[in-house]
Every structure is written in structure tokens, then in C-alpha cells.
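Open the model in a viewer and keep the selection panel at hand. The stops below go from one buried side chain to the ligand and then to the nonpolar cores.

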Amino acid sequence: MTEPASTIVILTGAGISKESGLDTFRDNDGIWAKVRIEDVATPEAYIRNPTRVQEFYNARRAGLKEPNVVPNPAHDALARLEKDWPGEVLLVTQNIDDLHERAGSHNLIHMHGELLKVRCEYCDALMQWEDDLSTTTPCPHCGRKGGLRPHVVWFGEMPLGMDKIYESLDTCRLFVSIGTSGNVYPAAGFVQHVRYRGLAHSVELNLEPSQGATLFSEAIYGPATEIVPAFVERILKDGIPAP
Ligand code: BJW
């Protein structure tokens with residue numbers, strides 16, 4: 001076991017929020033089975049039909065406010081890990097929902113953006129946003145219309161917080177990937193990055209083997225609400241296994 005103050009990096013994906021009532025992307029009943037990526041999740045789609053893209057994110061923003069959409073025991077366990085682990089726990093999420101914050105996680109990077117934020121393409125203001133957005137909504141900062149867009153990272157755009165993420169991947173002793181299919185880069189490449197260093201234990205926690213499953217030192221399969229709390233309990237009790 002390594003010394004207790006070691007850094008832990010956790011990557012989460014849509015699977016961790018599935019049992020909170022939010023759809024994943026690539027499962028049979030997932031978002032990409034209902035809408036095409038090319039229609040809603042690229043800068044080109046937004047230029048072509050901004051109303052269509054705004055409506056897609058308006059619906060998901062509204063969905064986040066449904067009373068049944070609340071953090072589940074997996075989100076709670078990661079917040080507990082951050083609180084009780086003596087070293088740094090960096091939580092990197094690909095999810096744009098706010099369930100990690102609601103569960104109490106603080107050291108958190110939303111690498112694909114946040115559904116409850118919008119930014120103005122004219123004045124660069126970034127702001128909290130709870131309501132629907134339209135192509136004529138004026139920016140509360142500069143007053144211009146048509147510049148507010150969802151603060152999300154579409155295909156071909158640069159994910160957020162990458163410097164801090166790679167800095168932590170370079171020093172961590174444990175990398176854990178939870179509820180992600182491993183289809184989307186650069187997140188899908190994190191395990192390889194950690195593996196080449198040879199100094200960290202890596203674990204996949206997912207419903208089923210992901211694209212990169214064979215790259216991990218260890219894998220545990222099952223619903224996140226069951227396997228994540230048990231895994232966190234184990235790490236807090238036994239520490240991190242040697243790489
Ligand atoms: C459960 C469960 C339960 C279910 N319990 N588990 C060719 C080769 C390589 C790369 C590229 C390429 N061509 C283009 C690229 C780059 C591209 C990319 O990766 N494309 C691939 C499709 C090939 N990537 C980009 O463009 C990114 N930007 C970029 O690369 O910039 C350049 C760069 C260069 C150098 C360094 C850094 C950057 C941007 C990617 C943006 C992704 N955006 C989206 C949508 C926006 C946000 C939103 O609307 O929500 O982000 S796409 C979508 O996929 C969303 C997600 O965050 C992302 C990942 O999905 P995730 O979380 O893995 O969900 P699923 O559904 O795929 O998987 C769920 C998993 O959970 C499954 O395994 C289930 O089994 C499991 N599960 N229930 C536990 N109860």
C-alpha cells in the first residue's frame with residue numbers, strides 16, 4: 001500500500017448519473033439513439049441551426065430540475081472520499097449535470113462544460129443559467145442578442161481544465177474511471193497516460209467493460225450505486241494498492 005497522502009484522480013461519465021434518472025449517451029436507450037451528434041453536439045450544428053441546439057440543451061436543463069433527479073450513493077461516496085482521504089482527490093467529470101456539486105464534491109473539473117452555465121460569444125462573460133435560452137436572449141452583461149450559447153464542449157472543441165488534469169494524472173497514485181464507455185478523447189486516453197508512467201494503480205468501475213477495459217490494472221463491474229460506495233470504503237480502509 002502507498003502512503004496515505006497520495007493524489008487520487010477520478011474520471012466520471014454518464015453512467016454515474018444513470019441511476020439518478022439521467023440518460024447516458026451510447027447505451028441502447030441513450031441520447032445518441034434519439035438525436036444525431038451532427039445535429040446537436042458540434043459547432044457546425046450550432047451555426048447551421050442554433051434554435052435546434054438551444055432546444056436540445058433547454059430540455060436537458062429542465063430535466064435536471066426534475067424532483068427525482070438527485071445525487072445517488074455513487075456521487076455521495078466520491079464526496080466522502082474527497083472529505084476523508086488525507087491527500088488530494090481530483091474529480092474530473094465529463095458530465096454537464098451538477099450532481100457531483102449537489103453531493104458535496106468541491107475539487108471538481110467539468111471537462112465538457114456545465115449545463116447550468118452559459119457564455120456570451122460577444123463579451124466572453126460566463127454566467128449561471130437556470131432558464132431556457134433562445135437565439136434572441138440578451139446577454140445580461142453586454143446586452144447584445146444572439147451571443148449566448150450553452151457552456152458545453154462540443155466535438156472538435158477543446159475540453160476544459162486540461163493543464164490541471166494532466167498535472168494531476170502525472171502525479172497520482174490511483175486513477176479511477178467510473179461510468180464512461182471510453183469512446184471520447186481526450187478522456188478515453190487518460191488511462192493510457194497513467195499506465196505509461198507505471199506509478200499508479202488504475203481501476204475501471206462500470207456496468208460493463210469499456211473500450212479501454214484491458215488497459216486498467218483492475219476492473220469491477222456492476223451498477224455505480226453499488227460498486228462505487230464499496231470501492232470508496234475499501235480505499236479509505238486499506239489504502240491504494242501498489243501499481
Ligand atoms: C453505467 C451505468 C450504471 C450505464 N452504473 N455504469 C479520431 C480518433 C481519436 C479522437 C478523435 C478522432 N476524431 C475526433 C476525435 C476527437 C473527439 C473524439 O473523441 N471523437 C470520438 C468520437 C472518436 N473529441 C473531441 O472532439 C473533444 N475535443 C478534442 O479532442 O479537442 C482536441 C484536443 C487535443 C488535445 C488535447 C485535448 C483536446 C471534445 C469532446 C466533446 C464531447 N462532448 C459530449 C457532448 C457535450 C456535452 C453534453 O451534451 O452532455 O460529451 S459527447 C458525449 O460523450 C458527452 C460525454 O461527456 C461524452 C462521453 O460519454 P460517456 O460519459 O462515456 O457516456 P457513454 O454513454 O458513452 O457511456 C456510459 C457508460 O456508463 C457505458 O459504458 C455504460 O455501460 C455505463 N453505465 N449505466 C455504472 N448504472
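A polar contact here is a pair of N or O atoms within 3.5 Å; within protein, one must be able to donate a hydrogen and the other to accept it, and residues adjacent in sequence count only if both atoms are side-chain atoms. This is a predicted model, in which local features need pLDDT of at least 70 and side-chain atom pairs count only at pLDDT 80 or more, while totals for chains, interfaces and linings use all residues. Residues are numbered from 1 along each chain as its sequence is written, and side-chain values use heavy atoms, with hydrogens and water left out.

**Stop 1: asparagine 58**

Select asparagine 58 in helix H4; helices (H or I, at least four residues) and strands (E, at least two) are DSSP runs, numbered from the N terminus. Asparagine 58 is buried, at 9% relative accessible area, where buried means under 20%, exposed over 50% and partly exposed in between (1.4 Å probe, protein chains only). Now add Asp131, Asp132 and Leu133: asparagine 58 is in contact with these three, its neighbours within four places in sequence left aside. Contact means heavy atoms within 4.5 Å. A polar side-chain atom of asparagine 58 lies 2.9 Å from the backbone nitrogen of leucine 133.

**Stop 2: the ligand**

Select the residues around the ligand, with one heavy atom or more within 4 Å of it. There are 35 of them, and Phe25, Arg60, Thr180, Ser181 and Tyr185 come nearest. By class, this shell has 16 nonpolar, twelve polar and seven charged residues. Classes are Ala, Val, Leu, Ile, Met, Phe, Trp, Tyr, Cys and Pro as nonpolar, Asp, Glu, Lys and Arg as charged, and the others, Gly among them, as polar.

Next, show the backbone of three residues:

- Alanine 14: a backbone N or O atom is 2.8 Å from a ligand oxygen.
- Phenylalanine 25: a backbone N or O atom is 2.7 Å from a ligand oxygen.
- Leucine 207: a polar backbone atom is 3.3 Å from a ligand nitrogen.

On its own the ligand has 1500 Å² of accessible area (Shrake-Rupley method, 1.4 Å probe), and the protein covers 77% of that. Helix H1 (15-18) and helix H4 (50-64) are the elements that give two or more residues to the shell.

**Stop 3: the nonpolar cores**

A nonpolar core is a set of buried Ala, Val, Leu, Ile, Met, Phe, Trp, Tyr and Cys residues joined through side-chain atoms within 4.5 Å. In the largest, of 23 residues, Ile8, Ile10 and Val228 touch the most other members. Helix H9 (224-238) is among the elements that supply at least two residues, and its six are the largest share. Centre on valine 228, which touches Ala74, Ala77, Leu78, Ile178 and Leu205, not counting residues up to four places away in sequence. Finally, select Ile31, Tyr46, Val152 and Trp154, which are among the 19 residues of another core, apart from the largest.
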